[in-house]
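Colleague: I would like to learn how to read a model of this kind, one feature at a time. Could we go through it together?

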Amino acid sequence: MDCCNLDDPWFWIGLLIALLLLGLALLVLWLRWRKGRKEYEKQRCIEIPPDVVRRPDPCLYSQPYLMAKGLAVTWDNPDIQVTNLGGTPVPSSNLQPNTDYIVAATIHNASFDAALGVEVRCVYRPFSFGTPDRVPVEADANGNPAVRIVHIGPWGSAIAKFRWRTPASGGHFCLQVECYHPSDREPNNNVGQENTDVRTAASDVNLVIPLFNARARHAQAFIFANEYTIAEVDVRLRLHQIRGYKGIDRPTLRAAAGAGAGGSTEELMRAAERDALRGARIRLAPNAGGRGSRGVGYRVYGYDGFQQLSGNHALGGFSLRDGWTLDVDNARRQGDAWQLDVPPKDSLNVSLRLLVPDDAPAGQRKAVNIWATDRFGALLGGVTIHVRKGP
Amino acid sequence: MPRSYPHYTQCAAPGVAHSFGESWFGMTLLSLVLGGLASGGAWLVGVIFAKAVGLGCILGVGALFALVAALHRFLDWYYNKRLMCIKDDQCVAGTLTGDPVAATDGDQKYDILVAPFPPQEVQTYFAEVIQENPAQFGAGPGNFADPIALQNYVEAMSESVRNRLYMRVVHEKMFTQAGRDFLKRYLVRIKAEMGDAAFDNSPDDTFASQSPNPMFRISPADSLAPYLHCELEGDRLKKWLTNVLIGLWTAAVAYAAACAICIFVSGQEWACGWIGKGAALLLGLLAWLLSHLINDPDEGAANQTDVDFADPAFDGDKSSIRQGDLMLIFGDWIKDTEHGEYFEIHPIKAIYLICHSETGDWEIVDDLTAYPRERCPFAVEKIASEDMEEMCKLATSAETQDPTEDKILRTTQALSMAGGLR
């Protein structure tokens with residue numbers, strides 16, 4: 001063969017160069033294809049990698065958080081307990097003036113990571129909707145709120161106790177507990193209130209509750225009532241894998257996600273991403289010695305259970321029944337609510353009347369929750385009134 | 001199924017782990033023997049097939065296989081024999097004494113002054129020790145209250161004098177206080193804590209030694225604090241060396257193959273050596289380039305986001321920490337046989353932030369709650385032995401125990417923890 005003299009070293013050198021050029025061309029093509037498929041970008045700065053940083057979620061029964069999630073709430077807070085110094089529970093509506101009590105606050109950790117060094121504070125506030133006044137139930141030598149530090153395991157709880165001498169002037173007070181952690185995964189469920197009253201009434205229950213507007217502009221407030229109480233049953237949580245949006249465009253996964261044929265891949269990805277970020281998550285890897293390959297080889301899990309809660313405790317499901325109604329003086333009726341206008345930096349004494357029907361049986365009891373929101377639906381405050389129909 | 005964390009090294013038992021200095025001779029000898037065997041093999045093939053194999057081919061093949069063997073041995077030592085195991089799954093709480101540093105090998109380094117000692121307190125100990133021992137440490141800076149002057153003074157000392165100064169601070173000031181020595185084991189060798197084998201295979205850190213080698217590390221230029229070094233693992237070096245290995249393997253095989261084909265086809269010994277070299281160079285480089293592009297070493301740096309943005313657990317919220325932050329670090333306790341035989345937490349398996357630094361770049365100037373929150377109500381000096389024990393117990397449980405598959409909560413608990421449910 002004239003073209004290919006196998007004895008000529010230059011033939012081999014030429015062959016090698018040709019192979020090299022072919023390889024380079026294939027490499028360029030492959031790199032362009034790979035660049036188009038790149039799913040994420042690396043960050044070029046110092047940070048703690050997300051797979052070793054831990055994010056606890058210290059929390060308690062938090063009315064603003066639960067209501068924002070569309071759940072009904074009570075101000076008979078299961079996580080805030082008042083006891084006498086001997087440890088006997090005392091209803092927060094039946095506290096004596098100038099008397100020492102213990103406020104025991106249960107702080108939970110809704111995370112797979114331990115919550116270390118959680119700060120807990122407790123204040124009391126005058127009976128009102130939206131008062132800015134807060135007084136620590138226990139203060140240090142400088143008058144600052146006493147701080148308790150608790151450490152909580154994953155999905156566990158711990159109790160922070162405060163000693164409270166009630167004001168000599170007496171009155172009705174709302175207790176507020178808040179917790180704080182610098183790495184809190186969900187900082188919106190850190191404040192809870194305990195605010196209850198007990199009334200026995202033959203006919204109507206009359207209440208006067210101050211409503212504050214701390215803003216420098218006119219405000220609208222809406223007052224609601226329902227008869228929600230917490231029914232204690234078991235809630236079963238199951239650990240399940242969260243897939244995220246990897247492979248979401250495959251027909252089987254689209255069907256599993258309940259996606260119709262119309263959704264674009266981008267829409268499906270965003271929906272899957274939003275879904276994935278709900279609740280606490282944990283990364284687990286099958287290899288006991290950690291993973292030896294970066295960013296791969298692990299699965300993400302979370303606990304379900306929120307659907308069960310939202311089904312059983314939906315905000316709209318506990319209207320006043322049996323002829324019991326709420327009436328508010330000088331307010332306009334807006335659907336289920338009563339609307340009031342509050343001048344800037346001012347307050348109103350809102351007169352409310354809980355109408356108990358004459359034909360209600362004597363001894364009938366209801367826990368009635370009354371609360372106020374601003375026009376955006378943000379909670380201003382609330383109270384739970386335990387009413388017993390008198391003779 | 002355990003928790004996921006990056007882990008590239010395996011520590012070796014005391015007595016098995018060793019420094020590079022202890023193994024380089026054996027490593028070189030073994031590589032030369034393997035290279036010699038490869039050369040001998042090339043010659044033998046020529047003898048069997050009655051072909052003359054030139055010296056260029058014999059030596060070239062041998063040299064390349066020797067290099068491959070040496071690199072394999074180095075990788076094995078670096079990732080499997082360099083670190084000496086002490087105890088797995090340990091906790092340390094303390095203050096970050098400097099900003100985390102990204103190392104060349106891909107690791108990210110965190111230097112921790114152990115609880116319950118705040119950096120300012122430890123700094124005063126340096127002033128006290130210098131003033132109490134002027135014959136050993138000199139007259140000291142003009143103004144002991146000036147931290148920069150004190151740091152500069154300590155930095156200017158010779159290494160041996162500086163070591164003894166730090167040791168005096170550790171032995172005579174920090175851990176002589178009752179109830180404050182619960183993390184002493186990380187700065188002072190204690191046989192009962194580290195075990196006989198680890199104790200016997202680590203350097204003497206007492207004043208009785210001519211040249212004591214403390215367990216802790218120091219960086220007087222950053223801060224006056226004897227610290228425990230903690231490393232979050234990256235695999236940049238492993239990726240880089242793996243790419244080189246792939247290039248070398250390809251070059252070695254290409255050299256041998258090109259030589260063989262050339263000899264069988266042309267029989268020109270002198271030309272085959274050069275053809276082998278050319279093939280090895282070209283194909284080796286091409287393989288290295290391909291491998292480097294697929295297996296980018298820069299993606300092995302621990303300071304980068306080690307999860308995909310498609311990861312359902314990653315919400316894009318980057319967590320950063322700064323000098324002065326208080327944290328609990330969970331990981332394996334080891335001794336690095338290199339770097340002065342210091343002790344470390346390596347790899348870091350989890351970081352629990354407890355408190356942000358008081359020296360941040362923002363401050364609350366107006367708090368509408370009327371009671372501004374302290375930046376750090378659980379300051380490092382408030383950590384007691386009981387706190388450390390409880391925090392470590394909770395962190396260990398969270399890191400080592402699988403979450404329950406089915407969990408029953410009462411409704412009130414579930415409502416309180418609704419934020420964590422899906």
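Colleague: How far apart are the centres of domain 1 of chain A and domain 2 of chain A?

Modeller: This is a predicted model, and in it the two centres, taken over C-alpha atoms, are separated by 37 Å. Domain 1 of chain A is made of residues 58-233 and 314-389, while domain 2 of chain A is made of 239-290 and 297-304.

Colleague: Into which domains is chain B divided?

Modeller: Domain 1 of chain B joins 20-81 with 236-287, and domain 2 of chain B is assembled from 88-232, 301-360 and 371-422. The C-alpha centres of these two domains of chain B lie 46 Å apart.

Colleague: How should I read the overall form of chain B, and is it spread out or compact?

Modeller: Begin with the secondary structure, which in chain B comes to twelve helices and eight strands. The radius of gyration is then set against the globule rule: chain B has 28 Å, well over the 22 Å that the rule gives for 422 residues, so chain B is more spread out than a compact globule. Along its principal axes, the C-alpha trace of chain B spans about 95 × 70 × 40 Å. Of the 422 residues in this chain, 44% count as buried, and of the contacts in chain B with a separation of 6 or more, 75% are between residues 24 or more positions apart.

Colleague: Turning to the contact between the chains, how many residues does each chain give?

Modeller: Chain A gives 97 residues and chain B gives 86 residues. On the side of chain A that touches chain B, the elements giving two or more residues include helix H1 (9-36), strand S4 (115-126), strand S13 (234-242) and helix H5 (306-312) of chain A, and H1(A) provides the largest share, eight residues. By character, the residues on this side of chain A divide into 54 nonpolar, 18 polar and 25 charged.

Colleague: In which sense do S13(A) and strand S8 of chain B pair?

Modeller: S13(A) pairs with strand S8 (residues 406-410) of chain B in the antiparallel sense, over five bridges. To follow one of these positions across the chains, take A:Leu237, whose bridge partner in S8(B) is B:Lys407.

Colleague: What confidence does the predictor give the complex and chain B?

Modeller: As a general caution, where pLDDT is low, the predicted coordinates should not be read in detail. For chain B the mean pLDDT is 89, and 94% of its residues reach 70 or more. For the complex, the predictor gives an ipTM of 0.88 and a pTM of 0.88.

Terms used:
Residues are numbered from 1 along each chain as its sequence is written. Chains are lettered from A and ligands numbered from 1 in the order in which they are written. This is a predicted model: local features need pLDDT of at least 70, side-chain atom pairs count only at pLDDT 80 or more; totals for chains, interfaces and linings use all residues. Two residues are in contact if their C-beta atoms, placed from the backbone, lie within 7 Å. Helices (H or I, at least four residues) and strands (E, at least two) are DSSP runs, numbered from the N terminus. Ala, Val, Leu, Ile, Met, Phe, Trp, Tyr, Cys and Pro count as nonpolar, Asp, Glu, Lys and Arg as charged, and the others, Gly among them, as polar. Two strands pair if DSSP finds at least two bridges between them. Domain bounds come from an automatic or database domain assignment. The radius of gyration is taken over C-alpha atoms; the globule rule is 2.2 Å times the number of residues to the power 0.38. A residue is buried if 20 or more other C-beta atoms lie within 10 Å of its own, exposed if 12 or fewer, and partly exposed in between; C-beta atoms are placed from the backbone. pLDDT is the predictor's confidence in each residue, from 0 to 100.
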